[in-house]
Amino acid sequence: LVKKPLIIAADEPTGNLDKKTGLEVVNLMRKINEEDNVTFLIVSHDNSLTSVADRVLHIEDGKILKEEIRSE
């Protein structure tokens, strides 16, 4: 974050965390997104992460099955 990236790739960012800590990580990513205009590219099997996303791509076998764009 020191170098002010435009995009951060996060592979299973909450995968090995308990629910409370996972929620804290997600809230921190959302705060960084909103305040510093950083885009997070999150890959996860945890469908609960989609609740905070602006855009969700559902991918299976390398193909995009569905795209969801959420407005505020």
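Arg30, Glu34 and Asp54 are joined to one another in a network of salt bridges, in a model that is predicted. Within this network, Arg30 pairs with Asp54, and the closest N and O atoms of the two lie 3.1 Å apart. This pair links distant parts of the chain, since Arg30 belongs to helix H1 whereas Asp54 sits in the loop between strand E2 (39-43) and strand E3 (55-60), with their positions 24 residues apart in the numbering. Asp54 counts as partly exposed, because its relative accessibility is 34%.

A search of the whole structure finds 6 salt bridges, and three of the pairs, including the one just described, are set out here.

| Salt bridge | Closest N and O atoms |
|---|---|
| Arg30 and Asp54 | 3.1 Å |
| Glu24 and Lys20 | 3.3 Å |
| Glu67 and Arg55 | 2.7 Å |

In general terms, side chains of opposite charge can pair when their charged atoms come close.

How far apart along helix H1 are Glu24 and Lys20? The two residues are 4 residues apart in helix H1, which spans residues 19-36, and they are therefore separated by about one helical turn. The salt bridge that Glu24 forms with Lys20 has its closest N and O atoms 3.3 Å apart. As for their surroundings, Glu24 is partly exposed, with a relative accessible area of 44%, while Lys20 is exposed, with a relative accessible area of 60%.

The side chains of Glu67 and Arg55 meet in another of the salt bridges, at 2.7 Å from N to O. This pair also links distant parts of the chain, with Glu67 in strand E4 (residues 63-69) and Arg55 in strand E3, 12 residues apart. Is each partner buried, partly exposed or exposed? Glu67 is partly exposed, having a relative accessible area of 41%, and Arg55 is exposed, having a relative accessible area of 54%. The value for Arg55 places this residue in the exposed class because that class begins over 50% relative accessible area.

Apart from the charged pairs, the surface also carries a nonpolar patch of about 350 Å², which is made by Leu6, Ile7 and Leu41. Leu6 is placed in the segment before strand E1 (7-11), and Leu6 is exposed, with a relative accessible area of 66%.

Note on methods. Residues numbered from 1 in each chain as written. Predicted model: local features only at pLDDT ≥ 70, side-chain atom pairs only at ≥ 80, totals over all residues. Heavy atoms only, no water. Salt bridge = Lys/Arg side-chain N within 4 Å of Asp/Glu carboxyl O. Buried < 20%, exposed > 50% of the residue type's maximum accessible area, 1.4 Å probe, protein only. Patch = residues over 30% accessible without salt bridge, like charges linked within 9 Å, V, L, I, M, F, W, Y side chains within 5 Å. Areas by Shrake-Rupley, 256 points an atom, 1.4 Å probe, with all protein chains shown as cover.
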